[in-house]
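Visitor: I would like a close look at one part of this protein, the space enclosed inside it. Could you take me through that and then through the packing of the nonpolar side chains?

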Amino acid sequence: MFEPNMLLAAMNNADSNNHNYNHEDNNNNNEGFLRDDEFDSANTKSGSENQEGGSGNDQDPLHPNKKKRYHRHTQLQIQEMEAFFKECPHPDDKQRKQLSRELGLEPLQVKFWFQNKRTQMKNHHERHENSHLRAENEKLRSDNLRYREALANASCPNCGGPTAIGEMSFDEHQLRLENARLREEIDRISAIAAKYVGKPVSNYPLMSPPPLPPRPLELAMGNLGGEVYGNNPTDLLKSITAPTESDKPIIIDLAVAAMEELIRMVQVDEPMWKSYVLDEEEYARTFPRGIGPKPAGFRSEASRESAVVIMNHVNIVEILMDVNQWSMVFAGMVSRAMTLAVLSTGVAGNYNGALQVMTAEFQVPSPLVPTRETYFARYCKQQGDGSWAVVDISLDSLQPNPPVRCRRRASGCLIQEMPNGYSKVTWVEHVEVDDRGVHNLYKHLVNTGHAFGAKRWVAILDRQCERLASVMATNISSGEVGVITNQEGRRSMLKLAERMVISFCAGVSASTAHTWTTLSGTGAEDVRVMTRKSVDDPGRPPGIVLSAATSFWIPVPPKRVFDFLRDENSRNEWDILSNGGVVQEMAHIANGRETGNCVSLLRVNSANSSQSNMLILQESCTDPTASFVIYAPVDIVAMNIVLNGGDPDYVALLPSGFAILPDGNANGGGDGGSLLTVAFQILVDSVPTAKLSLGSVATVNNLIACTVERIKASMSCETA
């Protein structure tokens with residue numbers, strides 16, 4: 001959840017040091033070990049080389065498809081760092097920065113040279129320890145064999161025959177006890193050796209056989225699309241692990257090169273960019289290295305966009321470098337994101353030089369467009385006073401399995417300080433993607449770059465900056481009827497609406513975290529449904545939740561569709577659940593320049609006097625790339641608490657609504673149709689262990705089909 005009070009503090013104090021913690025100790029405690037075959041080479045180099053991708057002659061025999069390249073430090077740089085290492089093997093941020101200035105290196109390169117040097121020294125001592133362990137292991141092995149031979153040849157002292165059980169001499173009994181002790185000792189030393197050598201010592205005849213691998217647990221699935229979010233066995237993001245120590249120098253070099261590439265892509269126009277379209281031949285000539293050639297079957301997609309937004313440049317950097325804030329601000333674009341490793345937290349109390357390894361899943365709000373899963377490094381660098389750059393670069397070559405369908409070349413933004421707390425943001429989005437799974441309905445939108453391109457990223461950022469300014473606004477005029485002027489009440493209601501929007505966006509896409517089931521022959525086009533169990537979640541009612549969604553094209557411009565769906569006066573034309581009642585706006589909060597950007601509290605006055613009135617929380621938001629109308633029934637008592645500034649996290653919501661995208665065919669005159677996604681979430685049983693009935697599925701399917709028909713009929717009347 002985007003915390004308004006936290007962001008308010010961040011806006012008032014741009015130099016906040018909340019993120020200034022020292023990651024160096026954590027790195028030191030977890031420094032990995034080189035393999036034996038790498039160690040000899042590493043010792044001769046004394047940490048003077050950084051691995052990079054390079055010629056095909058320098059290949060790792062364990063990874064024949066992974067190429068390496070080496071960036072050599074000069075002899076002077078090595079001598080200076082060797083001398084400093086003898087005095088101080090653990091330099092702090094200030095010392096590393098000073099060294100980097102004197103030697104002409106990046107602070108991260110200095111940091112990892114010292115880290116590699118410490119690893120080599122550590123390995124040097126461990127090799128001596130390993131030799132002692134091996135010698136002791138061999139001695140124990142020979143003793144073990146000697147005892148076995150003695151036991152095998154033991155004879156009865158009275159008759160000369162083989163020893164029978166229960167007739168062993170005291171000495172032979174001691175031999176058996178000693179044998180058992182030696183067996184345990186061998187197991188212990190083998191485990192220690194395996195830790196340092198990198199592979200287990202071979203099993204000896206008397207050692208216990210290895211245990212059988214545990215059987216995989218079978219997950220209980222529901223009757224229909226029944227994965228709980230995050231439990232899908234095909235979830236690609238969960239199969240990616242954090243980088244190893246040997247990967248870190250490669251990541252550093254990729255990040256530094258990507259930063260240089262991003263700055264060039266932002267600043268250079270002709271011949272690199274021709275009418276906002278990237279010239280791929282010119283790009284290949286200018287940046288011959290990068291992350292390698294485009295994979296077969298992949299399509300290049302590149303775009304650039306600029307905008308001036310109402311947010312301080314430091315706060316934008318903080319949002320981009322905090323995975324939780326980033327995924328919440330860009331909830332319409334990022335369905336899931338996670339930081340796997342923090343290689344650097346930056347220097348001088350800010351994010352300058354910060355480097356993270358991340359995974360993310362990018363989405364379009366429709367189940368007909370597959371999400372794009374990526375594994376990448378994010379690097380932040382200050383370019384001068386009031387100017388910062390944040391760049392992403394794919395790391396899929398470090399973990400080729402599972403194969404990804406999206407590679408992120410140098411992508412990110414340059415953020416420049418402007419007067420009065422504004423910032424200019426120039427965004428570059430450059431990917432290579434296999435998007436053959438996109439439904440024909442959305443192919444043109446995706447192929448033209450409007451679905452995942454730079455324009456959409458900048459539009460979302462601009463929209464969210466407006467929304468945040470609304471949260472912080474204090475001079476609210478009370479002249480208009482229904483305007484919420486209570487500062488705490490505004491924050492709580494906007495926070496609740498934000499959670500509603502995030503939940504809707506996460507639940508309507510084709511994320512690999514959950515699975516849709518397509519219903520056929522139902523009267524609506526490609527209706528998809530899924531179920532999930534809601535247990536112990538104060539933000540959702542407990543029980544079985546059924547989600548249903550469908551996407552379709554309508555020959556009406558997005559703005560007209562948006563205005564029709566958000567207007568409470570036309571709601572009874574499509575909202576079956578309002579039962580023909582009169583919908584009245586009780587309160588609202590405007591949160592953007594566009595009149596449609598608003599959070600509203602609606603009351604449905606039922607036409608049947610025996611039915612109680614219903615409250616609906618609704619957020620309508622629009623930008624040039626996408627529009628949303630999202631709503632959820634809310635409890636009257638709970639909303640009174642929220643309007644008085646109470647905690648909104650305990651208000652149960654099941655959001656439904658609409659995502660409206662342009663079809664990509666609009667010309668300069670503003671023509672073109674809309675791609676409309678309709679989605680419902682309904683609690684079909686309040687018992688989480690209950691089984692879903694086919695009647696519930698049919699009911700929800702009829703609801704969504706009827707809603708689609710009503711919208712088409714109403715919009716047809718308007719265009720007639």
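Guide: Happily; here is a walk from the model itself to its largest cavity and then its nonpolar cores. This is a predicted model, in which local features need pLDDT of at least 70, side-chain atom pairs count only at pLDDT 80 or more, and totals for chains, interfaces and linings use all residues. Residues are numbered from 1 along each chain as its sequence is written, and side-chain values use heavy atoms, with hydrogens and water left out.

The protein chain has a mean pLDDT (the predictor's confidence in each residue, from 0 to 100) of 77, with 73% of its residues at 70 or more. Over residues 1-70 the pLDDT stays under 50, and the model has 138 contacts (heavy atoms within 4.5 Å) beyond four places in sequence for them. Residues 164-168 are also below 50, with two contacts beyond near neighbours in sequence.

Now to the empty space. A cavity is a set of points, on a 1 Å grid over the protein atoms alone, where a 1.4 Å probe fits but cannot get out; its lining residues have an atom within 4 Å of a point. Grid points are joined across faces, edges and corners, and a volume is the space filled by probe spheres set on the points. The whole structure holds 13 cavities of 30 Å³ or more, and the largest cavity has about 290 Å³ of space. Its lining has 20 residues, with Gly332, Gln464, Val501, Cys621 and Phe628 nearest the centre. Helices H11 (323-329), H13 (454-472) and H14 (487-508) and strand S20 (614-622) each give two or more residues to this lining; helices (H or I, at least four residues) and strands (E, at least two) are DSSP runs, numbered from the N terminus. H13 gives the largest share, five residues.

H14 also gives the largest share of the largest nonpolar core, nine residues. Such a core is a set of buried (under 20% relative accessible area, 1.4 Å probe, protein chains only) Ala, Val, Leu, Ile, Met, Phe, Trp, Tyr and Cys residues joined through side-chain atoms within 4.5 Å. This one has 78 residues, of which Leu320, Trp326, Phe330, Trp427 and Tyr442 touch the most other members. Beyond four places in sequence, Trp326 touches residues including Ile319, Met358, Phe376 and Trp457. Another core, of 36 residues, lies apart and has Ala255, Leu262, Ala341 and Val391 among them.

Note on methods
On a 1 Å grid over the protein atoms alone, a cavity is a set of points where a 1.4 Å probe fits but cannot get out, and a pocket is an open set with protein on both sides within 12 Å along at least five of seven lines; lining residues have an atom within 4 Å of a point. Buried means under 20% relative accessible area, exposed over 50%, partly exposed in between (1.4 Å probe, protein chains only).
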